[in-house]
Amino acid sequence: MTLLPNNTIVAAAWLRLAVPGIGVATKLPTDLTPLRTSGFIRIAGVGGSPDLYVPMSRPAVQVECWAAPANEGSSKPPWNRANELAEQVKQAAYDRALMGVTVDLSSVGDYGPARVETVQALSEPTQVENDPSNLARYDIDLLLSWVAV
C-alpha cells in the first residue's frame with residue numbers, strides 16, 4: 001500500500017532540490033562533518049492550514065540553516081556560511097523552476113510523489129545566537145502549497 005506524503009518529507013524533498021548537495025533532515029547529524037564542510041538544514045513544521053475546498057496542504061515550515069567551524073575546537077561560529085544557506089533557501093522561493101515541481105519521495109519509504117505548487121518565504125533569515133557548541137544558525141520560515149499526486 002502506498003503511503004500518503006506528509007508535510008515534513010515534502011518540505012525536505014523540495015529543499016533538496018532548492019539547495020542541492022546540502023543535507024536536509026528533521027534532526028542534526030551526530031557527525032558534524034557535513035556542518036563543517038557545506039552546512040546542514042534542519043526542518044520543523046510550525047503550523048499552517050489545509051485548503052478548505054481542495055486536498056492541498058499549506059504547511060508553515062521552520063528551516064534552520066546550520067554551519068560548524070571548519071576546524072574542530074574553533075570558538076568562532078561561521079555566521080556567513082549559515083546565512084548563505086538561508087539566503088539560498090530564500091532565493092529558491094522566487095525560482096519559478098522550483099514551483100509546480102513533482103518531488104519523488106520513494107527514497108524515504110513507500111510514499112507516492114507530491115507536487116509542490118508554490119513556496120513562499122514568510123520571514124527574512126534570522127540569526128540565532130548563543131549555541132554552546134559554537135555552531136552558527138540562521139532560521140527562515142517557509143509556506144509550502146502542495147498536493148499528493
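Two strands are taken to pair if DSSP finds at least two bridges between them. With that in hand, the predicted model can be read starting from strand S7, residues 136–148, where the bridge partner of Thr118 is Ser145. Thr118 brings in strand S5, which covers residues 114–121 and runs antiparallel to S7, with seven bridges joining the two.

S5 has company. Strand S3 (residues 59–67) also runs antiparallel to S7, and here the bridges number eight. One of the pairs linked across to S7 is Ala67 with Ala136. Then there is strand S6, residues 126–128, again antiparallel to S7 and joined to it by three bridges. Over on that side, Gln127 sits opposite Tyr138 of S7. As for exposure, S7 is mostly covered, with ten of its 13 residues buried.

Helix H3 comes next, running from residue 79 to residue 92. Its 14 residues, at 1.5 Å a residue, should span 20 Å, and because the C-alpha atoms at its ends are 20 Å apart, the expected and modelled spans agree. Which residues of H3 are buried? They are Ala82, Leu85, Ala86, Val89, Lys90 and Ala92; a lysine, Lys90, is on that list.

And what do the buried residues of H3 pack against? Helix H1 (7–18) is one of their partners, and the others are strands: S2 (40–48), S3, S5 and S7. That ties the helix back to the strands already described, since S3 and S5, each joined to S7 by bridges, turn up with S7 among the elements that the buried residues of H3 pack against.

How values were computed
Residues numbered from 1 in each chain as written. Predicted model: local features only at pLDDT ≥ 70, side-chain atom pairs only at ≥ 80, totals over all residues. Heavy atoms only, no water. Buried < 20%, exposed > 50% of the residue type's maximum accessible area, 1.4 Å probe, protein only. Helix = DSSP H or I, 4+ residues; strand = E, 2+ residues; numbered from the N terminus. Expected span 1.5 Å × (residues − 1). Contact = heavy atoms within 4.5 Å.
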